[in-house]
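Dear colleague,

I am passing the structure below on to you, together with some notes on what came out of going through it. Please keep it open while you read.

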Amino acid sequence: VGGVLKEHEERKKQEAAAKIIVALDVDKEAEAYALVKLLSPPVNYYKVGMKLFTACGPRVITALKDLGVKIFLDLKFHDIPHTVASAAEVVARYGVDMFNIHLSGGREMIRATVEAVRETAAKQGMPRPLIIGVTVLTSFDARMLKEAGIERNLPQYVVSLALTGLECGIDGVVASPLEAEAIRAKCGEDFLIVTPGVRPLWSARDDQQRVLTPRQAIKAGASHLVIGRPIIKNPSPEIAIEKILAEMTK
Ligand code: C5P
């Protein structure tokens, strides 16, 4: 009985770990690799953002892929359709597993990106990266939206952008965990919802204002949790992740 229980717990832990994407918000390759070596397993998904990518260039992706982990390239493309589609083609060739674009770039930009990624992956004979849309940045509030000339209620605007993305063929969105429930209800079970702004109870909030715990975020409908500082700034990142997984599976 003990053995079966242990197996069950181990499986639950692996399922929880598969939902976590650790943000490698550092600016040195060596630091990024050290974190991956420390955290994998149980973690298998890492976010390479503007800072690491700008500091180290695309070779950081190749090197991380060589360690056998999945990569979410978080560069939030936003430009004219042709430019974003061309950059997305390059991303597809790197073999990243997920990347993102701003949905406010419009239908044409989203469709051109989806098409370019599909074609490139088919040509290369490799799986295509998942395309995730940024709806409204969580740093935006109602006043800023109004200033940008958008006369809509923020949560409704987020959901309508998510629906536009879904119609144009993207795989999911980045959203605050507080918006996850509404998006899940409108966009269906298969749509990915990647949520930053996740904080375990024991950790500092840093500059994240509207936060949920990992367990609450999953309950609200998140498919993936992006977690940075509570893990990477912890004196013992490997203990921080174990505590998060324990909290998620208890
Ligand atoms: O350290 P922390 O857990 O706050 O990291 C969250 C990560 O998610 C950071 O890389 C941050 O840039 C990113 N992010 C966010 N809020 C968004 C979009 C992305 O915190 N709305």
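How many of the residues of E4 are buried? Five of its five residues are, so that the strand is mostly covered; please bear in mind, here and below, that the model is a predicted one. Met98, Asn100 and His102 point one way from E4, whereas Phe99 and Ile101 point the other way, and all of them are buried. In general, the side chains of a regular strand alternate between the two faces of the sheet.

As to the surroundings of this strand, eight strands close into a barrel in the order E1-E2-E3-E4-E5-E6-E7-E8, with parallel pairing. Within this sheet, neighbouring strands are turned against each other by 25° on average, if direction is ignored. E4, which spans residues 98-102, pairs in the parallel sense with E3, residues 70-77, over three bridges, and Leu73 is the residue that stands opposite Phe99 of E4.

Two helices should be looked at along with this pair of strands. Helix H5 (residues 81-94) lies across E3 and E4 and runs at about 165° to E3. Helix H6 (residues 107-124) also packs on the sheet, where it touches E3, E4 and strand E5 (130-134), and its direction makes about 160° with that of E4.

Turning to the packing of one helix on another, helix H2 (residues 29-39) and helix H12 (residues 237-249) meet at an angle of about 45°, and their axes are 9 Å apart. Because an angle of about 45° is neither under 35 degrees nor within the range of 65 to 115 degrees, H2 and H12 are oblique to each other. Their crossing is right-handed, and the contact is made by Leu35, Leu38 and Leu39 on the side of H2 and by Pro237, Glu238 and Ile241 on the side of H12. Of the residues in this contact between H2 and H12, five are nonpolar, none is polar and one is charged.

A last residue to look at is Ala17, which lies in helix H1 (residues 2-17). Ala17 counts as buried because its relative accessibility is 3%, against a cut-off of under 20%. Apart from its neighbours within four places in sequence, Ala17 is in contact with Pro42 and Leu245. The C-alpha atoms of Ala17 and Glu242 are separated by 9.4 Å, although these two residues are 225 residues apart along the chain.

With best regards

Methods. Residues numbered from 1 in each chain as written. Predicted model: local features only at pLDDT ≥ 70, side-chain atom pairs only at ≥ 80, totals over all residues. Heavy atoms only, no water. Axes fitted to C-alpha atoms, helices over the stretch in contact; angles between N-to-C directions. Helix = DSSP H or I, 4+ residues; strand = E, 2+ residues; numbered from the N terminus. Parallel < 35°, antiparallel > 145°, perpendicular 65-115°, else oblique. Left-handed = near helix turned anticlockwise from the far one by under 90°. Contact = heavy atoms within 4.5 Å. Nonpolar A, V, L, I, M, F, W, Y, C, P; charged D, E, K, R; others polar. Pairing = 2+ DSSP bridges. Buried < 20%, exposed > 50% of the residue type's maximum accessible area, 1.4 Å probe, protein only.
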